[in-house]
Amino acid sequence: MTTWTPKRHTAMHYQHLQHGATLFNEDDWELVAYYSSVESEKNVRNKGVGISDISHIGKLYLQGKNLTKDISRIIGLQAPDNHKMLRSTIKLNKETNIAVNFCKLGEDEAFITCDGHQLNHIASFITKESGGTIDVVDMSSNFAGIRIIGPLSSTLLSKLTDLDIRESKFPNYSCAQVMSSEIYSIMIHNNIGNISSFEIYVTRDFGVYTWDAILDAGEELNIAQIGIESLRQIIDGA
């Protein structure tokens, strides 16, 4: 007998359906492949601004009194300064290196994004290697993730937050806890090659509100909704 496993939906699932999204299944998630077509959505890398639902990626929240010292030892690199992001790898064993984005939110707290497949391995590894001094919380299901991408992404974000996101003040690899669309969020400046890109993470219950607020703010910029297949081709071509 074949066992049917229900797919996980992101907080914005029904918004995607209302906008005519074509869906696909990946692991235990039902994700947006594209809305119009992959080719048309890829054009956002050259002009305009786009929005993509990245809620399926793995997310961990870390907290610890000696977080900077402990995490530096665990990843084998100096931990970034507060409000900075570090792209790194965590070496689980001789054969396995896992890519992570490590965001230092404050002196004793951090946020990690990674491939959802490896989330439990990373969480267990950090807990073990820190000797339990770092509290590790899986936020994957609790946080919705949104990527804003394209040359006009900073123009759009400036309409949604009081944070000064000019390149001189909030350069690539910066991160902060901010108010965005009047909602507490984690914002990361994480360009794709030379393509301007930001990530916003909010609690799941505010995912739909934030998604709609971004679409409304981006209407005069002709904001495009971008599926995961389109986004991956943009990343691969960057």
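This dialogue walks through the sheets, the largest pocket and an aromatic pair of one predicted model.

Q: What should be known about the model before reading its features?
A: The model is predicted, so local features need pLDDT of at least 70 and side-chain atom pairs count only at pLDDT 80 or more, whereas totals for chains, interfaces and linings use all residues. Residues are numbered from 1 along each chain as its sequence is written, and side-chain values use heavy atoms, with hydrogens and water left out.

Q: What is the order of the strands in the open sheet of six strands?
A: Strands of a sheet pair through backbone hydrogen bonds, either parallel or antiparallel. Strands (E, at least two residues) and helices (H or I, at least four) are DSSP runs numbered from the N terminus, and two strands pair if DSSP finds at least two bridges between them. Here the order is 10-11-12-9-3-13, with mixed pairing, and the edge strands, each pairing on one side only, are strand 10 (175-180) and strand 13 (224-225). Strand 10 pairs with strand 11 (183-189) in the antiparallel sense over six bridges, and C175 has I188 in strand 11 as its bridge partner.

Q: How is the open sheet of five strands ordered?
A: The order is 5-6-7-4-8, with antiparallel pairing, and strand 5 (84-91) and strand 8 (135-138) are the edge strands. Strand 6 and strand 7 run antiparallel and are joined by six bridges, and the bridge partner of G106 in strand 7 is E109.

Q: Which residues lie nearest the centre of the largest pocket?
A: Rolling a probe the size of a water molecule over the atoms shows where empty space is left. A pocket, found on a 1 Å grid over the protein atoms alone with a 1.4 Å probe, is an open set of points with protein on both sides within 12 Å along at least five of seven lines, and its lining residues have an atom within 4 Å of a point. In this model 35 residues line the largest pocket, and I57, G58, C114, D115 and G116 lie nearest its centre. Among the elements that give two or more residues to this lining are strand 6 (97-106) and helix 4 (119-129).

Q: How many aromatic pairs are there?
A: Rings of Phe, Tyr and Trp (its six-membered ring) pair if their centres lie within 6.5 Å, with planes under 30 degrees apart counted as stacked, over 60 as edge-to-face and the rest as tilted. The count comes to two aromatic pairs, including the tilted pair of F111 and F143, at 6.1 Å centre to centre and 35 degrees between the planes. Because F111 lies in strand 7 and F143 in strand 9, the pair ties together parts that are 32 residues apart in sequence.
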